[in-house]
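Please open the model in your viewer and keep a selection tool at hand, since this tour moves from one selection to the next.

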Amino acid sequence: MTSRRAGSPLDFDSKALLACLGNARSELIAARRGMKPRSGLARCVDALIDDIDELALVMTGQREYFHAGGHARLSGKASASE
């Protein structure tokens, strides 16, 4: 019989997990560049990237936690043409 893990459900190293997720997301994005846009593999990779972003939202409150900064749309700034 397996014993249940004691402690809270958040009893893990969140910084280490976020670092690993960030690395995995970066690798998935790099791999995605060489795939056919509508292939099953590309769709799976897109789903994984979306799930990583969703987990970042749950853990940090920011869906864009792993996104590169500097883009007007991601930083919340509207462009002059809008």
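Begin by selecting Cys-44, which counts as partly exposed at 48% relative accessibility, where partly exposed lies between buried (under 20% relative accessible area) and exposed (over 50%), with a 1.4 Å probe and protein chains only. Select Cys-20 next, which at 52% relative accessibility counts as exposed. The number of disulfides comes to zero, a disulfide being counted when a pair of cysteine sulfur atoms lies within 2.5 Å.

Before going further, note that this is a predicted model, in which local features need pLDDT of at least 70 and side-chain atom pairs count only at pLDDT 80 or more, while totals for chains, interfaces and linings use all residues. Residues are numbered from 1 along each chain as its sequence is written, and side-chain values use heavy atoms, with hydrogens and water left out.

Now colour by secondary structure: the protein has three helices and zero strands, and along the sequence it follows the pattern α-α-α. Helices (H or I, at least four residues) and strands (E, at least two) are DSSP runs numbered from the N terminus.

For the interior, select Leu-18, Leu-21, Leu-28, Met-35, Ala-42, Val-45, Ile-49, Ile-52, Ala-56 and Phe-66, the 10 residues of the largest nonpolar core. Helix H1 and helix H2 (40-60) each supply at least two residues of this core, and H2 gives the largest share, five residues. Such a core is a set of buried Ala, Val, Leu, Ile, Met, Phe, Trp, Tyr and Cys residues joined through side-chain atoms within 4.5 Å.

Stay with Val-45 and show its surroundings: leaving aside neighbours within four places in sequence, Val-45 is in contact (heavy atoms within 4.5 Å) with Leu-28, Arg-32 and Met-35.

Is Arg-25, in helix H1, buried or exposed? Arg-25 is buried, with a relative accessible area of 10%. With neighbours within four places in sequence again left out, Arg-25 is in contact with Ile-49, Ile-52, Asp-53, Phe-66 and His-67.

Finally, turn to the surface and select Phe-12, Leu-17, Leu-55 and Val-58, which form a nonpolar patch with about 330 Å² of accessible area together. Leu-17 lies in helix H1 (residues 14-32) and counts as partly exposed at 32% relative accessibility. Patches are made of residues with over 30% relative accessible area and no salt bridge (a side-chain nitrogen of Lys or Arg within 4 Å of a carboxyl oxygen of Asp or Glu), with like charges joined within 9 Å and nonpolar side chains (Val, Leu, Ile, Met, Phe, Trp, Tyr) within 5 Å; accessible areas come from the Shrake-Rupley method with a 1.4 Å probe, and for residues only the protein chains shown count as cover.
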